[in-house]
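Please examine the model shown below. The questions that follow concern its strands, sheet and nonpolar cores.

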Amino acid sequence: GCPLPSLRRPAPRLRPRVNHGRPRAPSGLSEAGIAVTWPSIAARAGRGGPGRPVRPCPRGFRRGRGDGGRTRPEEEEEDEAELEELLGPSPLAVGPGAQRVAVVHPAVKWGPKKPQLTRAELQIAEAVALIDTLQNWTVLEKIIIPTKNPDKKFIFGKGNFQALTEKIKKLPHVTAVFLNVERISSLTKKELEDAWGVKVFDRYTVVLHIFRCNARTKEAKLQIALAEIPLLRSNLKNDVSRLDQQRGGSRYIMGSGETFMETQNRILKEKELKIRNALEKLRRKRSLLRTQRRKREFPIISVMGYTNCGKTTLIKALTGEAGLQPRDQLFATLDITAHAGYLPSHMAVIYVDTIGFLTDLPHNLVESFSATLEEVAYSDLIVHVRDITHPETILQKATVLSVLKNLNLPSYLLDSMVEVHNKVDLIERYKPTEENALAISALHGHGLEELKEEIEKKILTATGKKILTVNINLEGPQLSWLYKEATVQEVEVMPEDGTARVKVIIGNSAFGRYRNLFPNSKIFMP
Ligand SMILES: Nc1nc2c(ncn2[C@@H]2O[C@H](COP(=O)(O)OP(=O)(O)OP(=O)(O)O)[C@@H](O)[C@H]2O)c(=O)[nH]1
Ligand SMILES: [Mg+2]
C-alpha cells in the first residue's frame with residue numbers, strides 16, 4: 001500500500017539551552033527548520049569526563065524534518081492550503097493495491113548500446129529489488145528478452161514480441177508487467193497493455209511510485225510532483241493525438257478560443273510554476289538555515305552512497321539514535337535529515353543522511369532531487385559508504401562518484417572524501433584493496449572508532465580548527481572568553497594554585513585573538 005501521510009505542521013520555535021562543560025547541542029539548527037535529532041546522552045555516560053554529571057538530552061528536539069522559522073500563521077495557512085492542492089491525488093499514481101508482477105528485461109545483445117559493466121542477471125536482480133521494495137507487490141516471473149536497441153519505439157522484434165505475448169498470456173496470476181527500461185511512451189504502454197491484458201510499468205513509473213510511497217516531507221512530495229509534469233505532458237500529447245484521430249481535428253472548449261490541448265497545457269504550466277515557487281520558498285528557508293549553521297560552526301558530514309549500502313544504519317551507529325529506521329529496501333531514505341553525534345574529542349557534529357543513488361535512475365527524477373543534493377556542497381566532509389558485499393559494488397562506486405562529480409561540488413570535498421567499506425561482517429577476513437578505505441560493519445559496530453578518528457582528523461583540517469589545552473587563571477576572564485569563542489571540552493581545576501587546564505576546540509582566527517588577548521596563557525599543543 002501507499003499511505004499518504006498528512007502534511008505536518010511546523011513546530012514552534014525553540015530556544016537554545018545554554019550548556020557548559022560538554023559540547024553544546026546544535027540547538028539553533030532546529031530553529032531554522034531542519035530536524036536535528038540528538039542522541040541520548042544518558043547512553044553515553046562517561047563521555048562527559050570523569051566526575052562530571054552527565055546532562056540529559058536537550059528537550060524539544062524534533063525527530064524527522066519539518067519546516068520552522070516562520071512567523072506569520074496566516075501566511076503559513078495559505079501556503080499549507082496551496083500545498084495540499086498541489087500535492088493532491090496524481091493521475092499517474094499507480095494505486096495502492098497489490099500487484100503480481102512479471103519482470104521483463106530487454107537485454108541488449110550486440111551493438112554500440114551493449115552495457116559495459118552490467119550483466120542482464122544483475123539488472124534483473126535490481127529490477128526485482130525495486131518491486132520487492134513495494135508492499136504487496138511480488139515478482140511471479142522473470143523474463144529476459146534479447147533486443148538490439150531498447151530505445152526503439154518497439155522494444156522487441158516481431159518474433160520476440162509474439163513469443164513474449166504468448167508467454168505472458170500463459171501467466172494467469174500476473175496482474176502487471178514491469179518492463180525494465182527507463183521509459184516507454186504512453187502510446188507504447190497502451191499498445192502493450194492491450195496486447196497483454198495487464199498493466200505495464202516502466203522503470204520511471206516504478207521508481208516514482210516507490211518515491212511517492214516513501215516521501216514524508218513537503219519538499220520530497222513537491223519534487224515528485226515536479227518529476228511527474230513531463231510525464232503528464234507527454235501523456236496529454238498522446239491522448240490528444242489519439243482523440244484527434246478519432247474525431248478529426250481539434251475541438252475548441254466552448255467560448256474560450258482555446259483547444260482542449262491548449263487548456264490542459266496551460267493548466268500544467270501553471271501547476272509546474274506553482275510547484276517550482278513552493279520549492280523555491282522552502283529552499284530560501286534552507287539557505288537561512290545554512291547561514292545559521294555556519295555561524296554556529298557545527299561541522300557537517302554528508303553520508304552518501306548507493307541505495308541500500310547502509311547509510312542510515314551507519315548514522316544510527318555513529319549517533320546512537322534509536323529512532324532511525326534502516327530498512328532492507330531501495331530508497332528507504334528520501335529526505336535529507338540531520339542527526340547530531342560526537343567525535344572522539346567530544347566535538348559535536350551533524351551527520352546528514354541522504355537519498356541513495358541508483359544506476360540509470362530516470363533522468364527527470366535525478367534532476368528533481370539534485371537540488372536536495374546540492375546541499376551537500378555546504379558540508380565539511382563527505383563519507384562515501386559502499387556495500388562491499390554487493391556483486392556490483394565497483395559499478396555502484398562509479399555511479400556514486402559520477403553523480404557527485406555532476407553536482408559541481410567544491411574540489412576539496414571530493415578530494416577529502418572518506419571511503420567506507422560496509423557490511424564486512426558478511427565477508428571473512430575482509431581487507432580493502434583501496435588505499436585509505438576503512439572497513440566497517442555498521443550493523444555490528446565494527447571499525448567505528450577508527451572511522452570516527454578519521455572523520456575527526458579530516459574535519460579539523462576542513463574547518464581549520466585545532467584541539468588544544470590551555471592553562472588559565474580562574475580569576476581572569478579567559479574561561480568565559482573561551483566558553484564564548486570556542487568549544488570548551490574539559491575543565492580540570494587545580495584548586496591549590498587557582499588555575500585550570502582547559503581543553504578546547506578552537507578555530508584559527510579565535511586562536512589568534514586568544515593569543516593576542518592573553519599572551520601569558522600557557523598553551524599545550526597536542
Ligand atoms: N550484514 C550487514 N547488513 C547491514 C550492514 N549495514 C547495513 N546493513 C543492512 O543493509 C540494509 C540497508 O540498510 P540502510 O541503512 O537502510 O541503507 P541505506 O543506504 O540507508 O538505504 P537507502 O536509504 O534505501 O538508500 C538493512 O537491511 C541493513 O540492516 C552491515 O554492516 N552488515
Ligand atoms: Mg537510508
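Two residues are in contact if their C-beta atoms, placed from the backbone, lie within 7 Å. The model is predicted: local features need pLDDT of at least 70, side-chain atom pairs count only at pLDDT 80 or more, and totals for chains, interfaces and linings use all residues. Residues are numbered from 1 along each chain as its sequence is written, and chains are lettered from A and ligands numbered from 1 in the order in which they are written.

Q: How many residues of strand 8 are buried?
A: Strands (E, at least two residues) and helices (H or I, at least four) are DSSP runs numbered from the N terminus. A residue is buried if 20 or more other C-beta atoms lie within 10 Å of its own, exposed if 12 or fewer, and partly exposed in between. Ala348, Ile350 and Val352 are buried on one side, and Val349, Tyr351 and Asp353 on the other. Strand 8 (residues 348-353) is largely enclosed by the rest of the structure, because the buried count is 6 of the 6 residues.

Q: Which residue of strand 8 is the bridge partner of Ser302?
A: Two strands pair if DSSP finds at least two bridges between them. Strand 6 (residues 300-305) runs parallel to strand 8, joined by 4 bridges. The partner of Ser302 in strand 8 is Val352.

Q: Which residue in the turn between strand 7 and strand 8 has a positive phi?
A: Strand 7 (residues 337-342) pairs with strand 8 in the antiparallel sense over 6 bridges, and Thr337 stands opposite Asp353. The two strands form a hairpin with 5 residues between them. The residue with a positive phi, about 70°, is His346.

Q: Which strand contributes the largest share of the largest nonpolar core?
A: A nonpolar core is a set of buried Ala, Val, Leu, Ile, Met, Phe, Trp, Tyr and Cys residues joined through C-beta atoms within 7 Å. The largest has 50 residues, and Ile301, Val349 and Tyr351 are among those with the most contacts inside it. Its largest share, 5 residues, comes from strand 8.

Q: Which residues of strand 8 are in contact with Ile301?
A: Neighbours within four places in sequence are left aside here. Outside strand 8, the contacts of Ile301 include Ser379, Leu381 and Ile455. Within strand 8, they are Val349, Ile350, Tyr351 and Val352.

Q: In what order do the 4 strands of the open sheet lie?
A: The pairing in this sheet is parallel. Strand 3 (137-147) and strand 5 (199-201) are the edge strands, each pairing on one side only. The order is 3-2-4-5.
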